[in-house]
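User: Please walk me through this model. I will ask short questions and would like short, reasoned answers.

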Amino acid sequence: MQLIKKGHACIRLEKDDRTLVIDPGGFSEADAAVGADAVLVTHEHPDHFDEPRLRAAMEASPEARIWAPRSVAGQLSAAFPGRVEAVGHGDTFTAAGFEVEVHGELHAVIHPDIPRITNVGYLLDGAVFHPGDAFTVPGRPVETLMLPVHAPWSKVSEVIDYLREVAPTRAIDVHDALLSETGRPVYDRLLGPQGPGVAGAEHGRMAVGESTLL
């Protein structure tokens, strides 16, 4: 499959002439989901879920469908009847030719005063895992982990420990829009060979629009 990095937490995956997009939110390009056969949303925060971007995708591809937690699906079902599916932890389904497993239930704690919301992660073809805004461990080997490298709800020691626990073959940064180019090398160093170690995983980051073959 081909992985294309989009803005912030959004990625596009292409396989057999079909396209799946995860989390085209407000920090992603306006057309991040256009052309997708399937769109997966991890949770309702606006940097992951943006209705105009989803509407653009659904209008561009009349057969496109969306899978999301009930908190998101409920906001879209009336606009796109029969094309939105609510999913939760333990569900499995096929989307755009990808076999999808749903893992996780709650968003990471931002602050004790802020109520936690539903957040799910998606494991695609048993190989690529996008956790959304949580350090969910899928409980099975992962080849490629989309690593939420920087967020108001995390610190770098937690990112390192999460990467160690999942122990993927490779980790690719997502959730990076709040990091400046000045700050990025700090994370690259800590998660790379000069850092405390991440169980042998190959860590890297991709520029927006860059693609790689998985």
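**Backbone, strands and salt bridges**

User: Where does Asp23 sit along the chain?
Analyst: Bear in mind that this is a predicted model. For Asp23, the place to look is the loop between E3 and E4. Its relative accessible area is 0%, and under 20% counts as buried, so Asp23 is buried. The location asked for is the loop between E3 and E4.

User: What is the phi of Asp23?
Analyst: Most residues other than glycine have a negative phi. Asp23 is not a glycine, yet its phi is positive. The value is about 55°.

User: Which loop holds Asp16, and is Asp16 buried or exposed?
Analyst: Asp16 belongs to the loop between E2 and E3. Its phi is positive too, near 50°, and Asp16 is not a glycine. Relative accessibility is 65%, and the cut-off for exposed is over 50%. So Asp16, in the loop between E2 and E3, counts as exposed.

User: Which residues does Thr19 touch beyond four places in sequence?
Analyst: Thr19 lies in strand E3, residues 18-22. With 9% relative accessibility, Thr19 counts as buried. Its contacts are Arg12, Leu13, Glu14, Gly35, Ala36, Asp37, Ala38 and Ala96.

User: In what sense do E4 and E5 pair?
Analyst: E4 spans residues 38-40 and E5 spans residues 65-68. Three bridges join these two strands. In one bridge, Leu40 has Trp67 of E5 as its partner. The sense is parallel.

User: Which strand pairs with E5 over three bridges and includes Val84?
Analyst: Ile66 stands opposite Val84. The strand that holds Val84 covers residues 84-86 and runs parallel to E5. That strand is E6.

User: Which helices take part in β-α-β units with E5, and what is the handedness?
Analyst: Helix H1, residues 51-60, forms such a unit with E4 and E5. Helix H2, residues 70-76, forms one with E5 and E6. The helices are H1 and H2, and the handedness is right-handed in the H1 unit and in the H2 unit.

User: What is the C-alpha separation of Pro69 and His89?
Analyst: Pro69 is in the loop between E5 and H2. Pro69 is buried at 1% relative accessible area, and its contacts outside the four-place window include Val41, His43, Val87 and Tyr122. Pro69 and His89 are 20 residues apart along the chain. Their C-alpha atoms are separated by 9.2 Å.

User: How many salt bridges does the structure hold?
Analyst: A pair counts when a side-chain nitrogen of Lys or Arg is within 4 Å of a carboxyl oxygen of Asp or Glu. Lys15 and Asp125 qualify, at 2.7 Å from N to O. The total is eleven.

User: How far apart in sequence are the parts that Lys15 and Asp125 tie together?
Analyst: The side chains of Lys15 and Asp125 meet in a salt bridge. Lys15 is in strand E2 and Asp125 is in the loop between E9 and E10, so the pair links parts remote in numbering: they are 110 residues apart in sequence. Asp125 is partly exposed, at 29%. The separation asked for is 110 residues.

User: What is the closest N to O distance between Arg164 and Asp161?
Analyst: Both residues lie in helix H3, three residues apart, about one turn of the helix. Arg164 is partly exposed at 37%, and Asp161 is partly exposed at 44%. Their salt bridge has its closest N and O atoms 3.8 Å apart.

User: Which residues form the salt-bridge network that includes Arg184?
Analyst: Arg184 meets Asp173 at 2.9 Å, N to O. Arg184 lies in helix H4 and Asp173 in strand E12, so the pair ties together parts eleven residues apart in sequence. Arg184 is buried at 5%, and Asp173 is buried at 0%. The network links Lys5, Asp173, Asp176 and Arg184.

User: What volume lies in the largest cavity?
Analyst: The structure holds one cavity of 30 Å³ or more. Residues lining the largest cavity include His45, His107, Ile110 and Arg116. Its space is about 40 Å³.

Methods:
Residues numbered from 1 in each chain as written. Predicted model: local features only at pLDDT ≥ 70, side-chain atom pairs only at ≥ 80, totals over all residues. Heavy atoms only, no water. Pairing = 2+ DSSP bridges. Helix = DSSP H or I, 4+ residues; strand = E, 2+ residues; numbered from the N terminus. Right-handed = clockwise from strand over helix to strand, strands pointing away. Buried < 20%, exposed > 50% of the residue type's maximum accessible area, 1.4 Å probe, protein only. Contact = heavy atoms within 4.5 Å. 1 Å grid on protein atoms, 1.4 Å probe; cavity = no way out; pocket = protein on both sides within 12 Å on 5 of 7 lines; lining within 4 Å. Points joined across faces, edges and corners; volume = space filled by probe spheres on them.
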